[in-house]
Amino acid sequence: IVNPPKSVIVVGVDEFIMSCEASGTPEPSFTWTKDGHKFDPRSEPHLKVSEHLGSFEFKAYNGSNMVNLKNYQGKYVCYASNDLGTAMSKEATLSIDGLPSLQKEKVSTFKADEGSNITLKCNPPESSMVPVIHWMDWKLRHIELSDRVVVGKDGNLYFAYLNTSDSRDDYICNLQYMETRTILTKDAISLQVKPSNSVVRKRRPHMITPTGPTSTYLVLRGQTFDLECIAQGFPTPQVMWLRKDGELSESRTVKEFFNHRLRFLNISESDGGEYQCIAENTQGKAKHTFMLTVEAAPYWIKEPVSQLYAAGETVRLDCQADGTPSPTIRWTVNGALTIYRVESGSLILEQVEFGDTAVYQCRASNKHGTIFTNTHVYVINLPPQILTKDGKIYLHTEGQKALLECKTFGSPKPKVMWERGGSLLLADPRVNLLTSGALEISNVTFDDKGLYSCNVQNSNLSITAELEKRCLFFFFRYTFDESNLIIADVNTEDEGVYTCEVITSLDMAKANGTLILIDRPDPPSNLLLADPDNRVVTLRWTPGDDHNSPVQEYVVEFEDQSLKERGWQKLEKVRGNKDHAVLSLWPYMSYKFRISAINDVGKSNPSLPSEIYNTSAEAPNKNPEYVRSESVHPDTLVIDWKHEFNGPDFHYKVLWRRAVGSGPKWHENITKESHVIIGDVGTYVAFEIKVQAANAIGDGPDPDPIIGYSGEDVPLESPMDVGVVLINSTTVKVTWAPIDRELVRGKLLGYKVKTSSLHFWFCRYMLSGTLSGFKILNLRPFSSYNLAVTVFNNKGEGPPSDALPFETDEGVPGPPAVLNLHSPSETEMTMQWRPPVHPNGILTGYVLQYQESKHSLYSSWSITQHTLKGLDPHSRYRFYLIGRTATGNGEPIMKIMKTIPDGDTIYACHSCISFVLFYLFERVAAMQKSFATQGWFISVVSAAVLLLLILLILCFIKRSKGGKYSVKDKEDGPMDSEARPMKDETFGEYSDLEEKQTASQPSLCEDSKLCSDNNLDFNGSSVITTELNLDESLVSEISRPSVQEGFHSLPPNSTFNPVPVSSATNGVSNLVTIPD
């Protein structure tokens, strides 16, 4: 039977067709059974029969009513018979079902409190067809699903907890029936969520489905099966899956629907066991255990093979099947029960006759189903033939096994005898006659060489074979290395037993060793296509020699004859103990198959290709995957998808319409490409998009729409109502009004905040488009800034807002730049300093402190030198110099030393970029005066002083250059760190420190790439921050005075005469004198 009848589900009053096609010589005739009883379609008044050569078909008349059609429900078997036997088909089921219809229902309105859970039920009508369920609104937009809102396997819509945003009156359940290509729309459900007047109370998880602690499921091998867990609770419970009695298979399971479903793909017996889902949130856990049992409908282990047999032979047809529970094996002949002997599922036919020619069916059955196969037994009479070439020479080394071939053909099967020199050979225990007719000689010796003859009994047919012994020492591949035998380029002919003999004048000893060669397997041969069923075919083969390494698996490859440029492609892998594979194929393709074998050594060469197998065309059974919008240019919609279908006149139907306000009409485009470009559609407009596969046979299933957008353009306008609020001398808050989404002309990615000091712009990025405020930290006090805000999308950045100037308040100054100490005598100390590099306001004076007697000196801002007198020459002092503004005292610069004889000067440099030198020369009161008058000591001290002067000169030169940076230096430095959101998630914030710059410096935002998206540095610091960090590191190395140590103070007779200074210079007076 070439094309057996197929199961049919008839919906409504549609017609049905049952057909059966068979081949044979002579041409077969057809009979049918229905539910095990004879059935003649010709005698049925409501059926129309069509018989052709090799086929039989019956169908219902158009217009038959449902009552008449239901009389034909049942299980049908087709029988094809001729003089050589009867073949039977698999059972085909005819089911009659009415069109599903919706009953009149009341309008459902549900009211629930915020934070509670609820289930909206779909309740599909009863039908043999399983619908695909979609929850949508009035505008046919899918209800947005998440881990909080899930559609269950039963079609219900589950809410883990409710938000006020869930309130709507158009929750609509749509039922899509793929078999009839119809959609039923149920009445809308209204849901009203009452807001809570207080904080929603958190709840531990609780299982909605399944109920109870455990569930038990029975699944059949090879099916796809889902386990589902849906829980309610607040916050939304997160679902995890585990296998309690083993490891969860990653290759055969996938987690879907936000982890609520565990799907088994091609489930096997090893997947049976105990599984558990755990729903967990911050309040607790909920668990459910699944007991999964996997059984199997019967499947073949070994199928009987159709063959030719001679009269008088004993035929054994082996039939082995497996399943859970274990199937029972039953044999029939031409569809009728047999009386032949059956052993362990194998049918034994003894002394067959020509009348035993028939079709034998092996049935394997258990409670889950029945499978069967037709096996043809032909009992014929043919004269014998010898197929092996005459005069063949066999070379073997001593100790090997020799195999002399003598293949025969005939019916009855020819019997052969081997002779040597007129004597039969079977008396030798080393000689064995194989069923194939070959002669096997074990442990070949030198005496075995010579001529052998194979004779067919009761005929004059014979051939000769010559066995030659190969001597190892006559071949260059065999060499000796002292007592070792070395074999080069080893091959299968070198296999055997090797004997090493040690001979002396007194004795002889020998030892044997066996050489076994392992290699890649030979490719399979005799590829045969059997049991064709359109898109399913069984590929059989004869395994090749495994070369002493068992085959682990076979790889089946195919080549599409219409697309040979694609080459051979992998189709399926089969275990190494198999000699066939059932292949599922694509429609409308021309296949060739080949097989490779793999063992521990490697992969064999591919087999010779099989004959061509063509599958018939069908309408596509699915639609393209990965449908998406790849729009780049404004006013253009680009729809792209993955191409993987074929068929006569194959094409795609591309449909699109605006997601909002377009009505039910779809625009359509027919194409054979895997993309389509649509123009004049507007900028960043949402579209519903569907791509349907179709060919000359029909269309694929109606696809679900996806949402895509046309191309973006740069924003049209800048944010409005930009404002700045001063928080303190280093921090401001920036606010703006959110921009109209239509003016963004794309996906709103966020805002960019830009600040400038003098003429130098810095870019600040806000990565969220939901914020409407921002904090800027670590600005320079007493400084002028400009600020602008832009909005950006994927296409680029919009125009900036008008520059908004602002000034920061006065702050405390930085440390004085330099503090120099000079000791005129052992009781005096003269200090010289430079004003702070960053006054951060108007300097009002200095505070000089030295530690010993808690004394402090307050001086005018214009004084940069002071001499302390009356110091103790044997005491060690710590000096602090602090600048002052109206805001308060700034950071100190500090130095520790004792008074030093005239001529020695100590320098403290706070802002030297390259290095800071602190030199301290202490005199020890107990030092002997004679030691200081030594000549070598005076020379060392003089050299040290000279070196100190040179280093100080270098320090001042470096300091005079350190405060000036070119625009190039600024561009080479990293940008400031990104904006960081505040804890209240309302404002972001970032740091900024002022750099020294000239009026000629251009804006980096305009002329450099530092402001581009590719130059964001969320962790780095700017050049300004690096300077600040260096300065602060110097300050940190100098410990501040503790309260316990106290300070010496000078008499408060110092003048304090502050002089106003312009803010344009940041509080640094042009009258301040910096000593050399």
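Here is a short tour of this structure, one selection at a time.

**The whole chain**

Start zoomed out, and keep in mind that this is a predicted model. The protein has 1076 residues, and 44% of them count as buried. Colour by secondary structure and you can look for 7 helices and 80 strands. Take contacts between residues at least 6 apart in sequence: 66% of these join residues at least 24 apart. Switch on the surface, too: the accessible area comes to about 56400 Å², and carbon and sulfur atoms hold 52% of that.

**First stop: F39 and F58**

Now hide the surface and show the aromatic side chains, where the count comes to 21 aromatic pairs. Select F39 and F58. Their ring centres are 5.9 Å apart and the planes meet at 55°, so this pair is tilted. Which strands do the two come from? F39 belongs to strand β4 (residues 37-39) and F58 to strand β6 (residues 55-60), with the two residues 19 apart in the chain. Both F39 and F58 are buried.

Next, add F30, W32, F56 and Y76 to your selection. Together with F39 and F58, they form a cluster linked by ring pairs.

**Second stop: W641 and Y652**

Jump along the chain to W641 and Y652. Here the ring centres are 5.2 Å apart and the planes are at 65°, which makes the pair edge-to-face, since angles over 60 degrees count that way. W641 is in strand β58 (residues 636-642), while Y652 is in strand β59 (residues 651-658), and 11 residues separate them. W641 and Y652 are both buried.

**Third stop: charges over rings**

What sits over the ring of W666? Select K690 along with W666: the charged end of K690 is there, 4.5 Å from the ring centre. Then go to R168 and Y171, where R168 lies over the face of Y171 at 5.7 Å from the centre of the ring.

**Last stop: T808**

Finish by centring on T808, in the loop between β70 (804-807) and β71 (816-822). Is T808 buried or exposed? Its relative accessibility is 5%, so T808 counts as buried.

Now look at the T808 side chain. A polar atom of that side chain lies 2.9 Å from the backbone nitrogen of F782, and the backbone nitrogen of S783 also lies 2.9 Å from a polar atom of the T808 side chain. To see the wider surroundings, show the residues T808 touches beyond its neighbours within four places in sequence: S729, L779, R780, P781, F782, S783 and Y785.

Definitions and conventions: Residues are numbered from 1 along each chain as its sequence is written. This is a predicted model: local features need pLDDT of at least 70, side-chain atom pairs count only at pLDDT 80 or more; totals for chains, interfaces and linings use all residues. Side-chain values use heavy atoms; hydrogens and water are left out. Rings of Phe, Tyr and Trp (its six-membered ring) pair if their centres lie within 6.5 Å; planes under 30 degrees apart count as stacked, over 60 as edge-to-face and the rest as tilted. Helices (H or I, at least four residues) and strands (E, at least two) are DSSP runs, numbered from the N terminus. Buried means under 20% relative accessible area, exposed over 50%, partly exposed in between (1.4 Å probe, protein chains only). A charge sits over a ring if NZ of Lys or CZ of Arg is within 6 Å of the ring centre and within 35 degrees of the ring normal. A polar contact is a pair of N or O atoms within 3.5 Å; within protein, one must be able to donate a hydrogen and the other to accept it, and residues adjacent in sequence count only if both atoms are side-chain atoms. Contact means heavy atoms within 4.5 Å. Accessible areas come from the Shrake-Rupley method with a 1.4 Å probe; for residues, only the protein chains shown count as cover.
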